[in-house]
Amino acid sequence: MSVALPAGVLPWTPDEFEAQLRSREAGYHIHHPFNRRLNRGELAPFQVRGWVANRFYYQLAIPMKDAAILSNCPDREVRRHWIERLLDHDGRGDHEGANAGGIEAWTRLGIAVGLSREDLWSCRHVLPGVRFAVDAYVNFARHAPWQEAAISSLTELFAPKIHADRLAGWPSLYPWIEAEGLGYFRSRIPLASRDVEHGLLIAKLWCDTRARQERALEILQFKLDILWSMLDAIERAYPDDLAEEKRP
């Protein structure tokens, strides 16, 4: 699919195109009211647990999304790079310690905020709106051209800051969270930076026309909307006055 543009519209230069992608940071979920409250230390433990439990469903989906991209990609060199993302989340080798992967690191975060492993892996707390958004993202990756699916991962352009903010603020704002649980955020900063470099290379090579560049911006906005709508659902499900019996 390409965006229809008037004839003769020239593509942006690679640097201009990257600047256009980076300008979409204004729609990143770091600016969502729920995330702002989270990072100001304004949420009760049950609200933090609700966020962690629902975000876990997204963590589970990331390697499925990456596997879909791999299955559609005929380029061996791209696959060799992209498979690292899948292993980052599912784990490597003996799957112990540093090899456990991002999903296990998020499980440790869940335990640190007071959830059980069963709470997370059963997905019993996952909201319909979160499930719908995450499933839509995986389905997009399965059916879109692999280059478009790869571009959808470029919200990683903005991820290092959101992780750094949590590492800087949470130890003092949420001292009841065990420090070991924050390991996920620490590990993702260098990995996201590495993945951004590869993702931008794919985007710049494939988006050789203005129509494809505009399409890339649409795809990035789609992914931003996925992340934003997840927080919309979480914010509505866990108001400050939620009855005790309904709290995770």
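Begin by selecting Thr 155, which sits in the loop between α8 (146–151) and α9 (159–173). The model on your screen is a predicted one, and every stop on this tour should be read with that in mind. Although Thr 155 belongs to a loop, the residue is buried, since its relative accessible area is 4% and buried means under 20%. To see what surrounds Thr 155, show the side chains of Tyr 28, Leu 220, Lys 223, Leu 224 and Leu 227, which are the residues it touches once those up to four places away in sequence are set aside.

Next, select residues 128–143, which form helix α7. How far apart should the ends of a helix with 16 residues be? At 1.5 Å a residue, α7 should span 22 Å, and the C-alpha atoms at its ends are indeed 22 Å apart, so the expected and the computed values agree.

Keep α7 in view and colour its buried residues, which are Val 130, Ala 133, Val 134, Tyr 137, Val 138, Phe 140 and Ala 141. They lie on the same side of α7, because the arc they cover around the axis is only 155 degrees. The spacing along the sequence helps to explain such a pattern, for an α-helix has 3.6 residues a turn, so residues three or four places apart point the same way. If you now show α3 (45–72), α8 and α11 (210–237), you will see the elements against which the buried residues of α7 pack.

Turn the view to the face of α7 that points away from its buried side, where you will find the exposed residues Pro 128, Phe 132 and His 143. Select His 143, which has a relative accessible area of 67% and is therefore exposed. Then draw a distance from its C-alpha atom to that of Ile 69, and you should read 9.1 Å, although the two residues are 74 apart along the chain. A second pair can be drawn in the same manner: Met 64, in helix α3, and Ala 141 are 77 residues apart in sequence, with 8.9 Å between their C-alpha atoms. Of these two, Ala 141 is among the buried residues of α7, whereas Met 64 counts as partly exposed at 42% relative accessibility.

Two loop residues come next, and for each of them it is worth looking at the backbone. Cys 123, in the loop between α6 (117–121) and α7, has a phi near 60 degrees, which is a positive value in a residue other than glycine. His 95, in the loop between α4 (76–90) and α5 (102–112), likewise has a positive phi, of about 60 degrees, without being a glycine. Cys 123 is buried, with a relative accessible area of 13%, while His 95 is partly exposed, with a value of 42%.

For the last stop, look for empty space inside the model. The structure holds 1 cavity of 30 Å³ or more, and the volume of the largest cavity is about 290 Å³. Select Arg 55, Tyr 58, Ile 62, Glu 156 and Arg 188, which, of the 25 residues in its lining, lie nearest its centre. Which helix gives the most to this lining? That helix is α3, with 6 residues, while α3, α4, α9, α10 (183–206) and α11 each supply at least two. Colouring the lining by class will show 9 nonpolar, 6 polar and 10 charged residues.

Definitions and conventions. Residues numbered from 1 in each chain as written. Predicted model: local features only at pLDDT ≥ 70, side-chain atom pairs only at ≥ 80, totals over all residues. Heavy atoms only, no water. Helix = DSSP H or I, 4+ residues; strand = E, 2+ residues; numbered from the N terminus. Buried < 20%, exposed > 50% of the residue type's maximum accessible area, 1.4 Å probe, protein only. Contact = heavy atoms within 4.5 Å. Expected span 1.5 Å × (residues − 1). Arc of directions from axis to C-beta. 1 Å grid on protein atoms, 1.4 Å probe; cavity = no way out; pocket = protein on both sides within 12 Å on 5 of 7 lines; lining within 4 Å. Points joined across faces, edges and corners; volume = space filled by probe spheres on them. Nonpolar A, V, L, I, M, F, W, Y, C, P; charged D, E, K, R; others polar.
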